[in-house]
Amino acid sequence: MRYGAARYMNKAALAGIVMCSAVAAKAEPVEVLALGDSLTAGYGLMDADGFVPKMQAWLDDQGLDVRLVNAGVSGDTTAGGLSRVAWSLNPGTDAIMVALGGNDLLRGLDPSVSRANLDGILQIAQENDLEVLVVGMEAPGNYGPEYKAEFDAMYSELAAEYDALYFPRFFEGLMSVGETPAELRSVMQMDGIHPNTEGVELIVEALGPALAELVARASD
């Protein structure tokens, strides 16, 4: 009888452990890898004022159970992102935000090369069954209309091809202030390339709903 009772208790305890494990598994936050360059990394800012901490705070305020991982590397191109995306993933990664291309523009790289790199990143995401948000970047007009058209279009076209979410441009939130360097001076750092704290806050407010949608997709 004692053996039988102990066996019953052990089974009950085991069932409880399994149930607790299942609840704990469901309670795990959605992990989103923010794959990007200096804009994602928070270049020139205090850690707490960078894009990822500010976006994490915004997502928290929405009541979303999500962990945003900063995979931004200053100076990185789409090629750099492709070279490191696979080893940046871990078993807990559920989704990726891809925000690359600014340094490709600064170097005047062929849009077809940038597109191939982004395509490679999305292929890896697909192979790992990860949801993706593609954040676009716009080329300046000084490269010519053909370059601009090809570069600007690759983000939306690749997002459609891979059934990924798409947000038109990282700097979307700054458009409420202006579009020219002179108009944007109040929300940019001295280099005119990276946003200051106020600029990051505007970027987060605009981009936040798209990231929230990514989290919702990854939670299904």
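Rings of Phe, Tyr and Trp (its six-membered ring) are treated as a pair if their centres lie within 6.5 Å, with planes under 30 degrees apart counted as stacked, over 60 as edge-to-face and the rest as tilted. The model is predicted, so that local features need pLDDT of at least 70 and side-chain atom pairs count only at pLDDT 80 or more, whereas totals for chains, interfaces and linings use all residues. Residues are numbered from 1 along each chain as its sequence is written, and side-chain values use heavy atoms, with hydrogens and water left out.

**View 1. Aromatic pair in helix 7: phenylalanine 151 and tyrosine 155.**
By the ring rule, the count comes to five aromatic pairs. In one of them, the ring centres of phenylalanine 151 and tyrosine 155 are 5.7 Å apart and the planes stand at 70°, so the pair is edge-to-face. About one helical turn separates phenylalanine 151 from tyrosine 155, because they are four residues apart in helix 7 (residues 145–161). Helices (H or I, at least four residues) and strands (E, at least two) are DSSP runs, numbered from the N terminus. Phenylalanine 151 and tyrosine 155 are both buried; here buried means under 20% relative accessible area, exposed over 50%, and partly exposed in between (1.4 Å probe, protein chains only). One aromatic cluster is formed by Tyr143, Tyr147, Phe151 and Tyr155.

**View 2. Aromatic pair of phenylalanine 170 and phenylalanine 171.**
The ring centres of phenylalanine 170 and phenylalanine 171 lie 5.8 Å apart, and their planes are at 85°, so this pair is edge-to-face. Phenylalanine 170 and phenylalanine 171 are buried.

**View 3. Overall context of the close-up views.**
The protein has nine helices and five strands. Read from the N terminus, its elements follow the order α-β-α-α-β-α-β-α-α-β-α-β-α-α. Of its 220 residues, 45% count as buried.

**View 4. Salt bridge between helix 9 and helix 3.**
The structure holds nine salt bridges, a salt bridge being a side-chain nitrogen of Lys or Arg within 4 Å of a carboxyl oxygen of Asp or Glu. One salt bridge joins the side chains of glutamate 201 and lysine 54 (3.4 Å, N to O). Because glutamate 201 lies in helix 9 (residues 197–219) and lysine 54 in helix 3, the pair ties together parts that are 147 residues apart in sequence. Glutamate 201 is partly exposed, with a relative accessible area of 37%, and lysine 54 is also partly exposed, with 23%.

**View 5. Salt bridge of aspartate 76 and arginine 84.**
The side chains of aspartate 76 and arginine 84 meet in a salt bridge (2.5 Å, N to O). Aspartate 76 counts as buried because its relative accessibility is 9%. Arginine 84 is buried as well, with a relative accessible area of 7%.

**View 6. Salt bridge between helix 6 and helix 7.**
Arginine 115 forms a salt bridge with glutamate 157, and the closest N and O atoms are 2.7 Å apart. This pair links distant parts of the chain, with arginine 115 in helix 6 (residues 111–127) and glutamate 157 in helix 7, 42 residues apart. Arginine 115 counts as partly exposed at 28% relative accessibility, and glutamate 157 is partly exposed with a relative accessible area of 40%. Elsewhere, salt bridges that share partners join Asp49, Lys54 and Glu201 into one network.

**View 7. Surroundings of glycine 120 and valine 135.**
Glycine 120 is found in helix 6 and counts as buried at 12% relative accessibility. From C-alpha to C-alpha, glycine 120 and leucine 82 are 6.4 Å apart in space, although 38 residues apart in sequence. Valine 135 belongs to strand 4 (residues 131–135) and, at 1% relative accessibility, counts as buried. Valine 135 and alanine 210 are 75 residues apart in sequence, with a C-alpha to C-alpha distance of 9.5 Å.

**View 8. Negative surface patch including aspartate 60.**
Glu28, Asp60, Asp61 and Asp65 form a negative surface patch. Patches are made of residues with over 30% relative accessible area and no salt bridge, like charges being joined within 9 Å and nonpolar side chains (Val, Leu, Ile, Met, Phe, Trp, Tyr) within 5 Å. Aspartate 60 is located in helix 3 (residues 51–61) and is partly exposed, with a relative accessible area of 43%.

Key
Accessible areas come from the Shrake-Rupley method with a 1.4 Å probe; for residues, only the protein chains shown count as cover. Lys and Arg count as positive and Asp and Glu as negative; His and the chain ends are not counted. The place of a charge is taken as NZ of Lys, CZ of Arg, CG of Asp or CD of Glu.
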